[in-house]
Amino acid sequence: MPLLLAVVLVVLTACGGPFPQSALAPRSDFSTSLDHLFTNIFWWAVVVFLIVEALLLYAIARYRARPGAAAPKPVHGHTALEIGWTLAPALILVFIAVPTMRTIFETAGNAPEGALRVEVIGHQWWWEYRYPTLGIGAANELHVPVRTPVQLEMTSADVIHSFWVPRLAGKRDLIQGRINRIEFSADSTGEYRGQCAEFCGASHANMRLRVVVQLDTAFQAWVDRQRAGPTAPAKGSPAELGQQVFRRSACIGCHTIVGISQGKVGPELTHVGSRATIAGALFPNTTDMLRRWIMNAPSLKPGALMPPQGLSAADLDAVVAYLQSLK
Ligand code: CUA
């Protein structure tokens, strides 16, 4: 009994929220139509379940073996019954298929005129975003304005990934050489978590992402900041030393910082200091995490392409100061 009580309590705590990644707490037109579809079909399934169970219980009670009762008469070749139990499930399937098809078309990704376009490129294991109409890019943290249609045009740089932010949109596959689309309009501001939903290698589970839904003014401020060039480090500051270390290290081979380097393998770092997270939205963007990440990324995220960097303690401090200065 205490065990049962404990199980019930554990199950009930799941009802408490705040649902950072639940498709049942939708915050966009896309996820709301999925939620409606699910809820609708769920309650119809409950009705079917109750009818079937009631009939079953009735049959068990009515026809159970009793001492002295005659053996029941088997039914064979009853045309009406056979048509009935073929038609009923077929009708149920049609009943499910029609609203499902309607929702599939509704969420097919056809954006209205004036939607904000964002190109999403999946990498092992992080997300690249490009805003072609705004001339900016970002990584892992997707910023969008609230109550504005957003169209994601998605592809992959390597294997198949799947974009999934349960409270906003998805899942939808990112496939090399193809563009798949999602269109959604978020109805409230906030930060929404998501992750890759298609197995894509060792760190598939570590391929997280965040969508930051902002008021127009906050979004515009973010765009302006991303458009600006990188912050120049102050003369003689640790950040300036860090810039020199960055320039002469392996960093430049893989990362772009506007005006400094043009690497294309890893995420662009021009404004890395303004991000809340690093490493595919896996870790908070703190001094300690940056240090550990630079020194040995694969130990924190299996398969991460960035090899351990053999920097001296002083060089590491400087590079971290530099990256943090890139707001
Ligand atoms: Cu990308 Cu799983």
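**View 1. A nonpolar patch on the surface of the predicted model.** This close-up shows a nonpolar surface patch of about 910 Å². The structure is a predicted model. Trp44, Val47, Val48, Ile51, Val52 and Leu55 help to make the patch. So do Ile92, Leu93, Phe95 and Ile96. Two elements each give two or more residues to the patch: helix H2, residues 29-62, and helix H3, residues 79-106. Which helix gives the largest share? Helix H2 does, with six residues. Ile92 is placed in helix H3.

**View 2. The largest pocket and its lining.** The volume of the largest pocket is about 600 Å³. Its lining is made up of 30 residues. Nearest the centre of the largest pocket lie His255, Gly266, Pro267, Trp293 and Met306. What kinds of residue form this lining? By class, 21 are nonpolar, seven are polar and two are charged.

**View 3. Where the largest pocket sits.** Four elements each supply at least two residues of the lining of the largest pocket. They are helix H6 (251-254), strand E13 (277-278), helix H7 (287-295) and helix H9 (313-325). H7 gives the largest share of this lining, three residues. Why does the largest pocket lie between two domains? Domain 1 (116-227) and domain 2 (238-325) both give residues to its lining, so the pocket lies between them.

**View 4. The second largest pocket.** About 470 Å³ of space lies in the second largest pocket. How many residues line the second largest pocket? There are 24. Those nearest the centre of this pocket are Glu128, Ile136, Gly137, Ala138 and Glu268. Strand E2 (126-131), strand E3 (136-139) and helix H4 (216-227) are the elements that give two or more residues to the lining of the second largest pocket. E2 contributes the largest share of this lining, five residues. By class, the lining has eight nonpolar, ten polar and six charged residues. The second largest pocket lies between domain 1 (116-227) and domain 2 (238-325), because both domains give residues to its lining.

**View 5. A salt bridge between two strands.** Arg117 forms a salt bridge with Glu153. How far apart are the closest N and O atoms of this pair? They are 2.9 Å apart. The pair links distant parts of the chain. Arg117 is in strand E1, residues 116-123, and Glu153 is in strand E5, residues 149-156. Along the chain, the two residues are 36 residues apart. The count of salt bridges in the model comes to eight.

**View 6. Two cis peptide bonds.** Gln124 and Trp125 are joined by a cis peptide bond, with omega about 0°. Where is Trp125? Look in the loop between E1 and E2. Another view of the backbone takes in Gly170 and Lys171. The peptide bond from Gly170 to Lys171 is cis, and its omega is near 0°. Lys171 lies in strand E7, residues 169-174.

**View 7. A positive phi at Asn140.** Phi of Asn140 is near 65°. That is a positive value in a residue other than glycine. Where does Asn140 sit? Asn140 is placed in the loop between E3 and strand E4, and E4 covers residues 141-145.

Technical notes: Residues are numbered from 1 along each chain as its sequence is written. This is a predicted model: local features need pLDDT of at least 70, side-chain atom pairs count only at pLDDT 80 or more; totals for chains, interfaces and linings use all residues. Side-chain values use heavy atoms; hydrogens and water are left out. On a 1 Å grid over the protein atoms alone, a cavity is a set of points where a 1.4 Å probe fits but cannot get out, and a pocket is an open set with protein on both sides within 12 Å along at least five of seven lines; lining residues have an atom within 4 Å of a point. Grid points are joined across faces, edges and corners, and a volume is the space filled by probe spheres set on the points. Ala, Val, Leu, Ile, Met, Phe, Trp, Tyr, Cys and Pro count as nonpolar, Asp, Glu, Lys and Arg as charged, and the others, Gly among them, as polar. Domain bounds come from an automatic or database domain assignment. Patches are made of residues with over 30% relative accessible area and no salt bridge: like charges are joined within 9 Å, nonpolar side chains (Val, Leu, Ile, Met, Phe, Trp, Tyr) within 5 Å. Accessible areas come from the Shrake-Rupley method with a 1.4 Å probe; for residues, only the protein chains shown count as cover. A salt bridge is a side-chain nitrogen of Lys or Arg within 4 Å of a carboxyl oxygen of Asp or Glu.
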